[in-house]
Amino acid sequence: MLKGRTILITGGGSGIGEALATILSAENKVIINGRNEEKLKKVSAAGKDISYYVADVSKPDEIDGLFKRMKADNIVVDVLINNAGVTEPYYIDKKIMTSSQIFERINTNLSGAIAVTQQFICQADRAASNLIVNVSSAIVAFPVPAQLLYFSSKSGLHAFTRLLRYQLKDTNFKVVEVLPQGVDTEMSRGLGYSGKAPLPSTYAREVIRSINKGKTEHAFVGFTTARLFNALIPNATLRLVDKMSQKLFKH
Ligand SMILES: NC(=O)c1ccc[n+]([C@@H]2O[C@H](COP(=O)([O-])OP(=O)(O)OC[C@H]3O[C@@H](n4cnc5c(N)ncnc54)[C@H](OP(=O)(O)O)[C@@H]3O)[C@@H](O)[C@H]2O)c1
């Protein structure tokens with residue numbers, strides 16, 4: 001149950017992370033991080049019990065520093081929500097990124113989440129109940145070619161989550177995966193998503209309800225069917241998704 005816990009939410013300064021932080025702070029101690037202090041300050045001031053640390057999860061030293069600072073402040077976290085994420089259309093032969101930009105994107109969505117998870121496990125009280133929530137994306141069920149880096153890193157996070165759950169099955173660490181699709185945030189608006197999107201607060205409530213019911217995966221209703229299509233007819237699915245997303249991601 002998400003009550004009376006100490007919860008670290010990465011990327012808690014906006015969108016889904018902000019909504020989770022605000023709602024969960026009513027009955028839990030919440031810690032958020034992100035790169036932009038102004039955003040974190042605002043969320044912290046609006047919530048009931050939210051503290052923040054500025055830390056970039058794409059940078060190994062900042063992840064280690066975040067956990068050092070929490071230890072120095074006597075904070076032991078028992079719920080981790082790996083929520084920080086970035087996306088944008090990326091065409092490898094048209095929109096050239098620097099190698100460092102590519103590393104930054106993949107680190108935020110994947111390597112950073114793995115490193116944060118390890119730090120979380122190292123500081124946790126193993127005799128007590130602990131929870132790891134990884135926010136991947138529904139994109140893992142239907143690859144969008146225009147989101148080459150995002151799909152690659154979120155698929156990695158999805159794979160990591162499955163194996164993490166398996167490795168930790170006989171421990172006090174429970175692993176949950178949240179796979180959002182079209183939530184009304186800076187991220188989806190930045191991509192030009194124009195579907196009917198739920199507000200982050202509505203979505204965050206759904207996620208919390210699902211976790212409190214003991215579910216280990218929270219995805220949209222058609223997710224299993226989409227995953228099945230992708231497994232059975234991967235090339236046809238890819239062509240269809242590409243066609244459907246062409247209008248959205250002009251290049
Ligand atoms: N919205 C959707 O429809 C949707 C769909 C599928 C998956 N998701 C996933 O849901 C999660 C939340 O996304 P959102 O929609 O709420 O987007 P958002 O409003 O853009 O929030 C993402 C947050 O991550 C933080 N962040 C980005 N890079 C970071 C870094 N290197 N270190 C620390 N924090 C970082 C950002 O804050 P700073 O810029 O201040 O660092 C921001 O607060 C993401 O993992 C996203 O991939 C969302």
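What radius of gyration would a compact globule of 251 residues have, and what does the chain have? In this predicted model, the expected value is near 18 Å and the chain has 18 Å, so the two agree. Along the principal axes, the C-alpha atoms occupy a box of roughly 50 × 35 × 30 Å. The fold is built from nine helices and seven strands. Of the 251 residues, 41% count as buried. Sequence-distant pairing is well represented too: among contacts between residues at least 6 apart in sequence, 65% link residues at least 24 apart.

A good place to start looking inside is the largest nonpolar core, which has 58 residues. Those with the most contacts inside this core are I7, L20, I32, L80, I81 and V133. Helix 1 supplies the largest share of the core, with six residues. For L20, the contacts beyond four places in sequence are I9, I81, A204 and V207; I81 is thus a partner of L20 and, like L20, one of the residues with the most contacts inside the core.

The surroundings of the ligand come next. The shell around the ligand has 31 residues, and G11, G15, R35, N36 and G85 come nearest. Helix 1 (15-24), strand 2 (29-34) and helix 6 (186-190) are the elements that give two or more residues to this shell. Helix 1 therefore appears in two settings, since the largest share of the nonpolar core comes from a helix that also contributes to the ligand shell. By residue class, the shell divides into 19 polar, eight nonpolar and four charged residues.Helix 5 spans residues 148-167, so a reader can follow its 20 residues from end to end. From first C-alpha to last, helix 5 reaches 28 Å, close to the 28 Å expected at 1.5 Å a residue. Which residues of helix 5 are buried? They are L149, Y150, F151, S153, K154, L157, F160 and T161. An α-helix has 3.6 residues a turn, so residues three or four places apart point the same way. The buried residues of helix 5 are covered by elements that include helix 4 (99-123), strand 5 (130-135) and strand 6 (173-179).

Several loop positions are worth a visit. The loop between helix 3 (60-72) and strand 4 (79-82) holds N74, and V77 has its place in the loop between helix 3 and strand 4 as well. N74 has 6 C-beta neighbours inside 10 Å and therefore counts as exposed. The backbone of N74 also deserves a glance: most residues other than glycine have a negative phi. N74 is not a glycine, yet its phi is positive, at about 60°. V77, by contrast, counts as buried because 22 C-beta neighbours lie inside 10 Å. The C-alpha atoms of V77 and I7 are separated by 5.8 Å, although the two residues are 70 apart along the chain. Setting aside neighbours within four places in sequence, V77 is in contact with T6, I7, L8, I31, M70, F120 and Q123. Of these partners of V77, I7 is also among the residues with the most contacts inside the largest nonpolar core.

A55 sits in the loop between strand 3 (50-54) and helix 3. With 24 other C-beta atoms within 10 Å, A55 is buried. Beyond four places in sequence, the contacts of A55 are N33, E62, I63, G65 and L66. One of these, G65, is ten residues from A55 in sequence and 8.0 Å away, C-alpha to C-alpha.

Towards the other end of the numbering, I211 and T216 offer a pair of views around helix 7 (200-212). I211 lies in helix 7, while T216 is in the loop between helix 7 and strand 7 (217-219). Is I211 buried or exposed? I211 counts as buried because it has 20 C-beta neighbours inside 10 Å, and 20 is the number at which a residue qualifies as buried. T216 has 13 other C-beta atoms within 10 Å and so is partly exposed. Leaving out neighbours within four places in sequence, I211 is in contact with L2, V133 and V176, whereas T216 is in contact with R165, V175 and V176. V176 thus appears among the partners of both I211 and T216. T216 and V175 are 41 residues apart in sequence and 6.6 Å apart in space, C-alpha to C-alpha. The C-alpha atoms of I211 and A124, 87 residues apart along the chain, are separated by 20 Å.

Methods
Residues are numbered from 1 along each chain as its sequence is written. This is a predicted model: local features need pLDDT of at least 70, side-chain atom pairs count only at pLDDT 80 or more; totals for chains, interfaces and linings use all residues. Helices (H or I, at least four residues) and strands (E, at least two) are DSSP runs, numbered from the N terminus. A residue is buried if 20 or more other C-beta atoms lie within 10 Å of its own, exposed if 12 or fewer, and partly exposed in between; C-beta atoms are placed from the backbone. Two residues are in contact if their C-beta atoms, placed from the backbone, lie within 7 Å. A residue is near a molecule or strand if its C-beta atom, placed from the backbone, lies within 6 Å of it. Ala, Val, Leu, Ile, Met, Phe, Trp, Tyr, Cys and Pro count as nonpolar, Asp, Glu, Lys and Arg as charged, and the others, Gly among them, as polar. A nonpolar core is a set of buried Ala, Val, Leu, Ile, Met, Phe, Trp, Tyr and Cys residues joined through C-beta atoms within 7 Å. The radius of gyration is taken over C-alpha atoms; the globule rule is 2.2 Å times the number of residues to the power 0.38.
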